[in-house]
Amino acid sequence: MKKSIIFICMLAIANFLFSQSITVTSPNGGEVLPGCTTHTITWNSVGTTDFYSIDYSTDNGATWTSITSFYNTVTKTYNWTVTNTSSGTCLIRIIDSNNSGISDQSDAVFTVTSPLTLLTHNGGESWEANTSQNITYNATGTSNYYDISYSTDAGSSWTTIANNTYNTSGTYNWNVANSPSTNCLIKMTDHSNSCMSDVSDGLFEITPASYSITITNPNGGEIWYVGQNKTITWNDNNTTDFYNIDYSTDNGLTWTSLASSYNTTSGQYSFVVPNTPSTLCLVRVIDANNVSVEDISDATFTIADPFITVVSHNGGETLESCEDEYINWQCGGTTNYYKIEYSVDNGATWTTITYSFYSSSSNPSYLWSTIPNNDSGNCLISVTDKNNTSVLDQSDATFTISPNEDIIITSPNGGESWEVGSSQTTTWVSAPTTSRYYVYYSVNNGSSWTNLTNTYSNSYNWTIPDNESTQALFKVVDYYNSCIMDISDANFTIAPPTPVITVNYPNSGGSLYQNNSYNITWSSDYITSPFVTIHYSINNGTDWVEIVDVTEDDGSYSWTVPEELSDQCLVRVSEYGNPAVFDVSDVNFSIIEQFITVTYPNGGESWEGCDSEIITWTRGGVSSYVRIEYSEDNGATWNLITSSTSSAGSYTWDPIVDLSSSNCLIRVLDKYDLGIYDDSDAVFTINENTDLFVLTPNCGESLEVDNTYTVTWAAAPELSRYSFYYSLDNGSTWTFVSNSIYRPSYNWTVPNLPSTECLVKVQDYYNSCIYDVSDAVFSIEPPQPVINITYQNTGQTLYIGNNCNITWTHEYDDVNFVKLEYSVDNGSTWATIVDVTENDGSYSWVVPDNASTECQIRIYDVGDMSFIDYTDVNFTITPPYIILTNPNGGEAITGCEGFNMTWTTQGTGNYFDIDYSDDNGVTWLNVN
């Protein structure tokens, strides 16, 4: 037995040990992890202490580096910031910190890539101090902002090259520090993540800087002009930045100082070229503090005087006026800004072409646009340096500018005499290339010009202006090239005008209406007086009647036409004080009577009441508004249709009055002169509308209050919507009920408004003229008073001792108090609930101890049992009860445990006492 127990224990221990394990799940082989990023190391374990040591290897397990020790976790995960290295033979190992015999490592190697790797300055290089060298690198997943530093003591200390510099090119240009050393390193770190960093794999060398000056300009062959601003430039290495600068004009035999101990780091010196022309010039630059370091131009250059040489037009050429030509010249040493002039009198006077033309070319060209319109063989061109007027040149000989003849005026061309106000045709001929023109005239021999028009024609119809002159000229200019033009060869005359008055209205016949106002209009030119006199004639000018003796010559006068009728009428307008200047209407006009003539209806028509018809008329000489009336008794009496509408000639009567008459007339009157009117020539007919008839109620019916009564009517098919009204005073007033009725009937709830003079009216919704009213009055009778029990009324069960609200409704009564009784024998006998209570619809009743299934309640007026109601269905009165459902016998309940007791109730309250007995009910103990 003892041996068996030992065997069992050993077996249990073996099973326990066998069940303890760790299994790495990630990284477990094949993964590629970027250095300096976070990777979650995961594993499974059984039977461990939940304290772990985690290591990594970058050499396939030959060596291990700790990540963490005694790391407590039950999730079996660890967020590892991946080491900043590059290796394809990495492993992870996890060990139970309290039992090193329990461990696991990645099943296969994985790869870690470095996010930042230096490619140059990485060991073995040699760089000269103060030279520019590129630090190159590879980067993946960095912020692209870097801190860069160098060390000259193998990393013991570091000096910043750049801090937080942004770079995405993989190259940083470094001006190598002047710190010679054979123990140099470069360090580069992501500014936002110090883990992402790399240092040179090996040491490199910085060698001492060399000393040199190398002139780059002028360095041989250049031409510099006296007075120019020029810059001497050079490259230098390890100089003291202080320089002596000299120049020579004799190939270095002698030197002239330009600057001494000139301090600069730019390698430049600007100066004004001296007035020492020579083809043997050199420049020398010397380190002022180390004179052994110098340089001289590799070859001589030239200092020359600035010059301009006109190339064209330089003599003998012939240029066409108004054309474009290029002016060309050669130059050197100028300021590049030029003033260009021309002369047509061999240089006696000059006219500027441009004040300031810029060109940096040594062979400038300027487009002379447009050559002025001249006729001269003594022309010259002058080109001057704007900023150095001593540098200039002129044409070597004269050239010719010939006049332009693309436009030639033919009329007026000299000697004509044209009268003010007359219409004259000006003409000219032109070359086919000219198609549009500006036209001008002058009255002062060309000192100033007035524009007349622009035109595509070779002629212009000109009304001669009131601008008398004996020195008039005419000018035509090409619209697109103002240089192309012509002027009258000699002056013409603008002669004084003839005064004139022209009647414009009335001037072409027609009719004017007596007593109406019209504007007499006229125009006048060149009259002396500012006033006119106006007359009229009714006998074709035999006799004249004064309209106005003096009125302003403003072209218009309002005339109220007299009552004399005539077809031989004229108007005359004459200059005040000079009746010889006048004009008369060209054609007789008529003075006629004012009128209105009704054209429709004008006799015999047949119209329907409530329809729409257009009344029409003609009129003359009436006001802008008319009044319209109708008569249904052949003119004995008249009724208004509209008091004011436009007199234009038509009016829509909508709706036509609904009546029945064959003696109807229409009258149209001038609103402001009722004596001017017209009636229909004969009577016409209006038929009463029969599109709608009330059917019920229509002849003495008696309707009871609150009953639903169906009002019906008949209607024409085109009627589709109706409005409904009722009256309680035989139509004196109407009460609106509804206008949303779409069929010829309406279920009307009779209002509680008793009356014996009731009518209903049905009206077409869209045309209020179409309607009908009951043929005779009907009655609305008062309602019967009623009382109705609402509770108890549907056979419920009431429980003895409970409160019950008896409720009822009542209408059309004036009962203030009621009596309530109940019966338990189906109404054979009755017991009082309350003798008198207010008729307010509710009474609270405590259900009596009188159980029955044949119970009833009744309610009635305390003074009149005819006003009474009974419950519709018997109800039940019964005692309230409680029935225990659990425990209810036979159950086994364990002490100290919870137990759910249940019961059912009716008619009880909502609060209960709960007791239990453990002696079959002899005694009871309270539970709750």
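**Notebook: core, overall form and selected residues**

I began with the largest nonpolar core, which has 23 residues; Trp748 and Val760 have the most contacts inside it. I then looked up which strands supply this core: strand E64 (692–696), strand E66 (708–715), strand E67 (722–727), strand E70 (755–764) and strand E72 (778–781) each give at least two residues. I note here that the model is a predicted one.

I listed the contacts of tryptophan 748, leaving aside its neighbours within four places in sequence. Among them are the aromatic side chains Tyr709, Phe724, Tyr726 and Phe778. The list also includes Leu703, Val711, Val737, Val760 and Ile780. Asn707 and Thr708 complete the list.

**Entry: the whole chain**

I looked up the secondary structure and found one helix and 85 strands. I next asked how the radius of gyration of the chain stands against that of a compact globule of 928 residues. The chain has 63 Å, whereas such a globule would have a value near 30 Å. The C-alpha trace spans about 170 × 160 × 40 Å along its principal axes.

I recorded that 40% of the 928 residues are buried. The accessible surface comes to about 47300 Å², and carbon and sulfur atoms account for 46% of that surface. For contacts between residues at least 6 apart in sequence, I noted that 63% join residues at least 24 apart.

I also took down the charge count: 21 positive side chains and 105 negative ones. The centres of these two sets lie 10 Å apart.

**Entry: cis peptide bonds**

I examined two cis peptide bonds that lead into proline. The bond from serine 26 to proline 27 is cis, with omega near -5°. I placed proline 27 in the loop between strand E1 (21–26) and strand E2 (32–34). Tyrosine 600 and proline 601 are also joined by a cis peptide bond, and here omega is about 0°. I located proline 601 in the loop between strand E55 (595–600) and strand E56 (606–608).

**Entry: positive phi outside glycine**

I looked up serine 261, which has a positive phi of about 50° although it is not a glycine. Serine 261 sits in strand E23. Its relative accessible area is 41%, so serine 261 is partly exposed.

I then turned to cysteine 322, another residue other than glycine with a positive phi, in this case near 75°. Cysteine 322 lies in the loop between strand E29 (318–320) and strand E30 (325–332). Is cysteine 322 buried or exposed? I recorded it as buried, because its relative accessible area is 5% and the cut-off for buried is under 20%.

**Entry: threonine 265 and serine 278**

I found threonine 265 in the loop between strand E23 (256–263) and strand E24 (268–272). Threonine 265 counts as exposed because its relative accessibility is 69%, and exposed means over 50%. I noted that its C-alpha atom is separated by 5.8 Å from that of aspartate 241, although the two residues are 24 apart along the chain.

Serine 278 belongs to strand E25 (residues 278–287). With 13% relative accessibility, serine 278 counts as buried. Not counting residues up to four places away in sequence, I listed Thr249, Phe301, Thr302 and Ile303 as the residues that serine 278 touches.

**Entry: lysine 386**

I placed lysine 386 in the loop between strand E34 (376–385) and strand E35 (392–394). At 42% relative accessibility, lysine 386 counts as partly exposed. Which residues does lysine 386 touch, not counting those up to four places away in sequence? I found Tyr337, Tyr338, Lys339, Tyr355 and Ser356. For tyrosine 355, 31 residues away along the chain, I noted a C-alpha separation of 7.7 Å from lysine 386.

**Entry: phenylalanine 817**

I found phenylalanine 817 in strand E76 (residues 817–823). Phenylalanine 817 has a relative accessible area of 42% and is therefore partly exposed. Leaving aside neighbours within four places in sequence, I recorded its contacts as Val836, Thr837, Glu838, Asn839, Asp861 and Val862. I looked further at glutamate 838, which is 21 residues from phenylalanine 817 in sequence but 4.6 Å from it in space, C-alpha to C-alpha.

Technical notes. Residues numbered from 1 in each chain as written. Predicted model: local features only at pLDDT ≥ 70, side-chain atom pairs only at ≥ 80, totals over all residues. Heavy atoms only, no water. Helix = DSSP H or I, 4+ residues; strand = E, 2+ residues; numbered from the N terminus. Rg over C-alpha atoms; globule rule 2.2 N^0.38 Å. Buried < 20%, exposed > 50% of the residue type's maximum accessible area, 1.4 Å probe, protein only. Contact = heavy atoms within 4.5 Å. Areas by Shrake-Rupley, 256 points an atom, 1.4 Å probe, with all protein chains shown as cover. Lys, Arg positive; Asp, Glu negative; His and termini not counted. Charge placed at Lys NZ, Arg CZ, Asp CG, Glu CD. Core = buried A, V, L, I, M, F, W, Y, C linked by side-chain atoms within 4.5 Å.
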